[in-house]
Amino acid sequence: MRAVVFSRYGDESVLEVAERPAPRPADGEVLVEVRAAGVNPVDWKHREGQVRSDRPFPLGMGWDMAGTVLRTVPGGPGVGEAVYGMLPLPYGGAYQELCTVPVAALAPRPTRLTFEEAAAVPLAALTAWQALAAAGTVAGRRVLVHAGAGGVGHFAVQFAKHAGAHVTATASARNLDFLRRLGVDEPVDRAGADLSAGEPHDLVLDTVGGAVQRSSWALLRPGGTLITLPEPVDEAYRVPGIAARRVIVAPDGAALGEIGALIDRGAVHVEVQEVLPLREAAEAHRISRQGRVRGKLVLSV
């Protein structure tokens with residue numbers, strides 16, 4: 001089978017499309033013919049060596065996939081069924097023609113989505129879903145999502161609105177209308193607005209890290225919650241009376257089933273900026289690394 005692999009850590013040039021043996025499903029795993037694979041920042045962080053596994057080179061790439069079932073398990077999806085899901089971290093293997101996935105990580109592909117659109121959902125949507133769940137009740141609360149037009153962000157603002165929150169989100173000026181279309185109450189130009197001048201928030205979702213995390217403490221009311229995704233909580237900046245934790249996404253087929261139902265009802269929009277062929281995985285990484293993606297990038301397999 002064709003697979004995107006790399007044999008050393010480095011920049012985009014280390015990626016290559018190679019012929020690899022077909023994977024063999026272990027107990028509890030389903031064999032899927034991959035039709036599309038989502039691209040996430042964790043992918044190029046893995047390629048650069050920021051996220052490592054204990055497996056030897058060459059290593060596979062990617063955690064988001066959508067495809068059709070070739071071999072299943074008792075009680076699992078039927079052969080030929082269209083599914084989508086997230087592979088467990090840290091072992092990538094979605095940028096390839098065949099992959100094995102734990103049955104508990106799979107859900108039926110939302111009927112209104114193409115395979116490419118479905119592949120844009122799992123990791124980013126589950127990250128947003130689990131981050132909001134970690135924060136507790138959001139109904140009636142003021143929620144701020146940093147980088148609300150990105151992969152995780154555009155799902156987070158929609159989930160928060162669906163749950164009854166008042167949502168503020170930051171983005172570049174070109175994406176403010178996009179945020180409005182997603183239902184964001186207060187779209188904010190990240191380059192110019194002073195967030196501290198407004199009403200404090202009950203929940204801040206930091207999808208960026210670094211200076212964004214450090215500045216987020218001051219944007220919360222006493223008793224508020226900071227959820228950070230790309231890096232641990234920086235304890236040097238912790239503010240008494242503010243709850244803070246990092247959320248690391250985990251596969252969850254049941255949650256993807258709920259998310260898929262929201263998508264099929266038209267309550268959640270999936271934004272795909274661009275679909276590239278598998279052979280252009282390096283270009284997809286280059287685009288993702290620039291950090292200006294609206295929604296998601298996807299590889300067609």
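**Entry 1: the largest pocket**

I began with the class make-up of the largest pocket's lining, which has 20 nonpolar, 14 polar and eight charged residues. A reminder to myself: this is a predicted model. I then looked up the volume of the largest pocket, and it comes to about 1,200 Å³. The lining runs to 42 residues. Which of them lie nearest the centre? I found Pro41, Lys45, Val152, Thr207 and Pro230 there.

Next I asked which elements supply at least two residues each to this lining. My list has four helices and two strands by name: helix 1 (41-48), helix 3 (122-135), helix 4 (151-162) and helix 8 (281-290), along with strand 10 (166-171) and strand 16 (296-300). Helix 1 has the largest share, at four residues.

**Entry 2: the second largest pocket**

I moved on to the second largest pocket, where I noted about 550 Å³ of space. Its lining is made of 26 residues, and nearest the centre I found Pro23, Arg55, Gly92, Gly93 and Gln96. Two or more lining residues come from each of strand 1 (2-6), strand 4 (59-60) and strand 7 (98-102). Strand 7 gives the most, with four. By class I noted 16 nonpolar, seven polar and three charged residues in this lining.

**Entry 3: helix 1**

Since helix 1 came up in the lining of the largest pocket, I went back to look at its buried side. Which residues of helix 1 are buried? They are Val42, Asp43, Trp44, His46 and Arg47. I was glad to see Asp43 and Arg47 in that list, as I would like to view both on the screen. I followed the packing of these buried residues to strand 1, strand 2 (15-19), strand 3 and strand 4, and also to helix 3 and helix 8. Just past the end of helix 1, I noted that Gly49 has a positive phi of about 100°.

**Entry 4: strand 3 and its partners**

Strand 3 covers residues 29-39, and I found eight of its 11 residues buried. I then went through its pairings one by one.

- With strand 5 (residues 64-71), strand 3 pairs in the antiparallel sense over seven bridges.
- With strand 7, the pairing of strand 3 is antiparallel too, over five bridges.
- With strand 16, strand 3 makes an antiparallel pairing over four bridges.

Which residues stand opposite Leu31? In strand 7 I found Thr100, and in strand 5 I found Arg71. For the pairing with strand 16, I noted Gly38 opposite Val298. Two of these partners tie back to my pocket entries: strand 7 lines the second largest pocket, and strand 16 helps to line the largest pocket.

**Entry 5: a three-strand sheet**

I also traced an open sheet of three strands, in the order 2-1-4, with antiparallel pairing. Why is one side of strand 2 and of strand 4 left without a neighbour in the sheet? Both stand at the edges and each has a single partner strand, so that side stays unpaired in the sheet. Between strand 1 and strand 2 I noted five bridges, with the strands running antiparallel. Among these pairs, Ala3 has Ala18 in strand 2 as its bridge partner.

**Entry 6: the nonpolar cores**

I turned to the largest nonpolar core, which has 85 residues. Which members touch the most others? The names I wrote down are Met65, Tyr95, Val121, Phe155, Phe159 and Ile259. Helix 3 gives the most to this core, with eight residues.

I picked Phe159 for a closer look. Apart from neighbours within four places in sequence, Phe159 is in contact with Ala125, Ala128, Trp129, Leu132, Ile259, Leu262 and Val268. There is also a second, separate core of 11 residues, and Leu144, Val204, Trp217 and Leu226 are among them.

**Entry 7: Arg174**

My last stop was Arg174, in the loop between strand 10 and helix 5 (176-181). Is Arg174 buried, exposed or partly exposed? At 42% relative accessibility it counts as partly exposed, because that value falls between the 20% and 50% cut-offs. Beyond its neighbours within four places in sequence, I found Arg174 in contact with Arg292 and Arg294. Arg174 and Arg294 are 120 residues apart in sequence, and their C-alpha atoms are 10.0 Å apart in space.

Conventions
Residues numbered from 1 in each chain as written. Predicted model: local features only at pLDDT ≥ 70, side-chain atom pairs only at ≥ 80, totals over all residues. Heavy atoms only, no water. 1 Å grid on protein atoms, 1.4 Å probe; cavity = no way out; pocket = protein on both sides within 12 Å on 5 of 7 lines; lining within 4 Å. Points joined across faces, edges and corners; volume = space filled by probe spheres on them. Nonpolar A, V, L, I, M, F, W, Y, C, P; charged D, E, K, R; others polar. Buried < 20%, exposed > 50% of the residue type's maximum accessible area, 1.4 Å probe, protein only. Pairing = 2+ DSSP bridges. Core = buried A, V, L, I, M, F, W, Y, C linked by side-chain atoms within 4.5 Å. Contact = heavy atoms within 4.5 Å.
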